[in-house]
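Trainee: I've just opened this one and don't know where to begin. Could you walk me through how to read it?

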Amino acid sequence: MIYNLYIFDKYGTLMYYSEWNRLKQSGITKDEEAKLMYGMLFSLKSFVNKISPIDPKEGFLFYKTNKYALHYVEVSSGLKFVLNTDTTATGIKDFLLQLYSKIWVEYVVRNPLWTIGTPVTSDLFKTKLDEFVRASPLFGPKII
Amino acid sequence: MAEEAIFEYLHSEIVSYTLNKEGDKENDLSALEYIGYTTGYRIIERLTREWPRFKDELDTMKFICTDFWSSIYRKQIDNLRTNHQGVYVLQDNAFRFLTRLSTGSQYLEHAPKFVAFTCGLVRGSLANLGITSVVTAEVQTMPSCKFHIQVNRG
């Protein structure tokens, strides 16, 4: 099951946020939440790389609690995709890379009205992203 | 599709550059239209070299809708209409410069900026084929666009 998605750029600006099956809210504003999230990712990334006893290669990939898993994918341009799912979901990295090339590149990068470095406001992107996420087998409620 | 992307990005930069440069003259699309005109004029020279001379005006319009459009936008015009009095309406249901913008009315106010170049392109091409015209565009719901061609017969 997919809960929510954050997209950050390389400077930590929240480019886009969307949620689907989120049952518990953080109780702080979305702005604060995004800053908190980015701060944690930044720290986790540097922690993982520092503490790694061998070459960390890709570094931080995901973490899991007993209730949810947070998946992290960073592309070469520094764009970061953060997806929260239930703990059984697999193949998230591929899913996020597909989302990047089929939705982000197509409907944000190729939209002449998007200004580089600003949050995405295009309805078309929103629609396409929502369709893409809902069409994924990962989306559905967990079958127990 | 690298070469398509580069044409798209260059076009969108030309749009924002020419419009920002004008400063106080808001929404002056004439510079864009003129760039389109000269581009169209030049394109025709090479594109028609394999073609026999066109029979008449309608024949020329058909060429614009099919081969000309395909070579630039990788698709043909979806609908061509005329009143046989020198007015032609070319409808593209998924006009390239609009497909990434919206599929509804969001950003509709920006649409004219992204069709001005193409209006010029069509006018320039027709000019080099011996047809003087005025080309305007109409966008009601993106990404669909209608190009109105009014031929000047004088």
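Mentor: Sure. Let's begin inside chain B: B:Tyr107 has a relative accessible area of 13%, so this residue counts as buried. Keep in mind that we're looking at a predicted model.

Trainee: Where along chain B does B:Tyr107 lie?

Mentor: Look in the loop between strand S2 (87-92) and H4 of chain B. While you're there, check the backbone too: phi of B:Tyr107 is near 65°, a positive value in a residue other than glycine.

Trainee: Which other residue has a positive phi, near 60°?

Mentor: That's B:Arg74, again not a glycine. You'll find B:Arg74 in the loop between helix H3 (57-73) and strand S1 (79-82) of chain B.

Trainee: Is B:Arg74 buried or partly exposed?

Mentor: Partly exposed, because its relative accessibility is 47% and that class runs from 20% to 50%. B:Tyr107, at 13%, is buried.

Trainee: What about peptide bonds? Which one is cis?

Mentor: Go to the bond from B:Met142 to B:Pro143: omega is near 0° there, and the bond is cis. B:Pro143 sits in the loop between strand S3 (133-138) and strand S4 (145-151) of chain B.

Trainee: Now the interface. How do I get a feel for its size?

Mentor: The size of an interface is often given as the accessible area lost when the parts come together. Here, chain B and chain A bury about 1200 Å² between them, and 55% of that is on carbon and sulfur atoms.

Trainee: How many residues does each chain bring to the contact?

Mentor: Chain B brings 13 residues and chain A brings 11.

Trainee: And how many salt bridges are found across the interface of chain B and chain A?

Mentor: There are 2. One to look up is the pair A:Arg110 and B:Glu8, whose side chains meet at 2.7 Å, N to O. Besides salt bridges, check polar contacts: 5 residue pairs make them across this interface, with both residues at pLDDT 80 or more.

Trainee: Which helices of chain B each supply at least two residues to the side that touches chain A?

Mentor: Helix H1 (2-21) and helix H4 (111-128). H1(B) gives the most to that side, with 3 residues.

Trainee: What classes of residue make up the side of chain B that touches chain A?

Mentor: It's a mix: 4 nonpolar, 6 polar and 3 charged residues.

Key:
Residues numbered from 1 in each chain as written. Chains lettered and ligands numbered in written order. Predicted model: local features only at pLDDT ≥ 70, side-chain atom pairs only at ≥ 80, totals over all residues. Heavy atoms only, no water. Contact = heavy atoms within 4.5 Å. Buried area = accessible area lost by both parts, 1.4 Å probe. Salt bridge = Lys/Arg side-chain N within 4 Å of Asp/Glu carboxyl O. Polar contact = N/O pair within 3.5 Å; in protein donor to acceptor, adjacent residues only side chain to side chain. Helix = DSSP H or I, 4+ residues; strand = E, 2+ residues; numbered from the N terminus. Nonpolar A, V, L, I, M, F, W, Y, C, P; charged D, E, K, R; others polar. Buried < 20%, exposed > 50% of the residue type's maximum accessible area, 1.4 Å probe, protein only.
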